[in-house]
Amino acid sequence: MTADADRPDGVDGTAEGAAPRRRLWWPAALAAAVALALGVPALVASGTSASGSSTLAVPANDSPEAGFARDMATHHQQAVDLSFVVRDRTADEPTRTLAFDIINTQANQRGMMMGWLDQWGLSQHSTATPMAWMKMGHEYQAHDGSLMPGMATNTQIAKLRTLNGRDAEVFYLQLMIEHHKGGVEMAQGYVDKAGNDTEKRLAQSMVVAQTSELQLMTDMLKERGAEPGVPAS
């Protein structure tokens, strides 16, 4: 996780000496409220009893539904953190717009997933190995704060915090391309195993949106004379 991981969700860290930033707490809070009011009944209602009445099926603690919600929420939080960092390291409008979109979209989706876990009566955290629910046959070797494929390391995040202007834009785009690749892989992994239509639709939307953003970010790198691929630290 990042150095900002211990701050409240949706509260952006402010670089030393920088003016305080507007706190974007509302996307996650609003998404959680919407999920609880509208989305969750669809998430837990499934099946019909012998008497013809509907029954409630809550995902098991080790289910793909719970695992995906927890792991993608963690993955999303780092994308939000990285985007807050670059937002204050450059005045480039396209980069700031991309960062703002990622902050709002992924904070919103994270709030929904946390709301679902709460409604299911499941912990938002687990001691299980990240992405174990995907049963890939191998485990990602977590290192230096990178818990899942695509996640930046603490060292890389610290480096981003030292950069400004074009250098910050390029490094952010390179990090976020890898981050999106990992996110798409995980979301598609859930789509392939999904037992819950509502959560599956969310995962499918992530695959579509982040695949589109991958092309956008690749084009933005080319405009800056750079290519995808995170340089060795």
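How many aromatic pairs does a search of the whole structure find? The search finds 3 aromatic pairs. The structure is a predicted model, and this report describes its overall plan, its aromatic rings, its helices, some backbone angles and its salt bridges.

## Overall plan

The protein chain contains 6 helices and 2 strands. Read from the N terminus, its elements follow the order α-β-β-α-α-α-α-α. Of its 233 residues, 48% count as buried. Among contacts between residues at least 6 apart in sequence, 73% join residues at least 24 apart. The chain exposes about 11100 Å², and carbon and sulfur atoms supply 54% of that area.

## The aromatic cluster

A cluster of Phe68, Trp133 and Tyr190 is held together by ring pairs. Phe68 and Trp133 form an edge-to-face pair, with 5.9 Å from centre to centre and 80° between the planes. This pair links distant parts of the chain, since Phe68 belongs to helix α2 (residues 64-87) and Trp133 to the loop between α3 (93-120) and α4 (154-160), 65 residues apart.

Why does Phe68 count as buried? Its relative accessibility is 0%, and a residue is buried when this value is under 20%. Trp133 is also buried, because its relative accessible area is 5%.

The second pair in the cluster joins Phe68 and Tyr190. Their ring centres are 4.8 Å apart and their planes meet at 15°, so this pair is stacked. Phe68 lies in helix α2 and Tyr190 in helix α5 (residues 165-193); the pair therefore ties together parts that are 122 residues apart in sequence. Both Phe68 and Tyr190 are buried.

A ring can also lie beneath a charged side chain. Lys159 lies over the face of Phe171, at 4.6 Å from the ring centre.

## Helices α2 and α3

Helix α2 has 24 residues, which should span 34 Å at 1.5 Å a residue; its end C-alpha atoms are 34 Å apart, in agreement with that expectation. Of these 24 residues, 22 are buried, so α2 is largely enclosed by the rest of the structure.

Helix α3 has 28 residues and reaches 41 Å from its first C-alpha to its last, close to the 40 Å expected. Trp120 is in this helix, and its relative accessible area of 5% makes it buried. The C-alpha atoms of Trp120 and Asn61 are separated by 9.3 Å, although the two residues are 59 apart along the chain. After α3 comes Gly121, with a positive phi near 75°.

## Positive phi outside glycine

Most residues other than glycine have a negative phi. Where do Lys135 and Asp144 lie? Lys135 is in the loop between α3 and α4, and Asp144 is placed in the loop between α3 and α4 as well. Lys135 has a positive phi of about 50° although it is not a glycine. Asp144 likewise is a residue other than glycine with a positive phi, near 50°. Lys135 counts as exposed, because its relative accessibility is 66%, while Asp144, at 36%, counts as partly exposed.

## Salt bridges

The whole structure holds 6 salt bridges. The table lists some of them.

| Salt bridge | N to O distance |
|---|---|
| Asp88 and Arg87 | 3.5 Å |
| Arg224 and Asp92 | 2.7 Å |
| Lys181 and Glu178 | 3.6 Å |

The bridge between Arg224 and Asp92 links distant parts of the chain: Arg224 is in the segment after α6 (197-223), Asp92 is in the loop between α2 and α3, and their positions lie 132 residues apart in sequence. Arg224 counts as buried at 13% relative accessibility, whereas Asp92 counts as partly exposed at 22%. These two residues also belong to a network of salt bridges that links Asp92, Glu169, Glu223 and Arg224.

In the bridge between Asp88 and Arg87, Asp88 is partly exposed at 29% relative accessibility, and Arg87 is buried, with a relative accessible area of 12%.

What separates Lys181 and Glu178 along helix α5? About one helical turn separates them, because they are 3 residues apart in that helix. An α-helix has 3.6 residues a turn, so residues three or four places apart point the same way. Lys181 is partly exposed at 44% relative accessibility, and Glu178 is partly exposed with a relative accessible area of 27%.

Methods:
Residues numbered from 1 in each chain as written. Predicted model: local features only at pLDDT ≥ 70, side-chain atom pairs only at ≥ 80, totals over all residues. Heavy atoms only, no water. Phe/Tyr/Trp six-rings, centres within 6.5 Å; stacked < 30°, edge-to-face > 60°. Helix = DSSP H or I, 4+ residues; strand = E, 2+ residues; numbered from the N terminus. Buried < 20%, exposed > 50% of the residue type's maximum accessible area, 1.4 Å probe, protein only. Lys NZ or Arg CZ within 6 Å of the ring centre and 35° of its normal. Expected span 1.5 Å × (residues − 1). Contact = heavy atoms within 4.5 Å. Areas by Shrake-Rupley, 256 points an atom, 1.4 Å probe, with all protein chains shown as cover. Salt bridge = Lys/Arg side-chain N within 4 Å of Asp/Glu carboxyl O.
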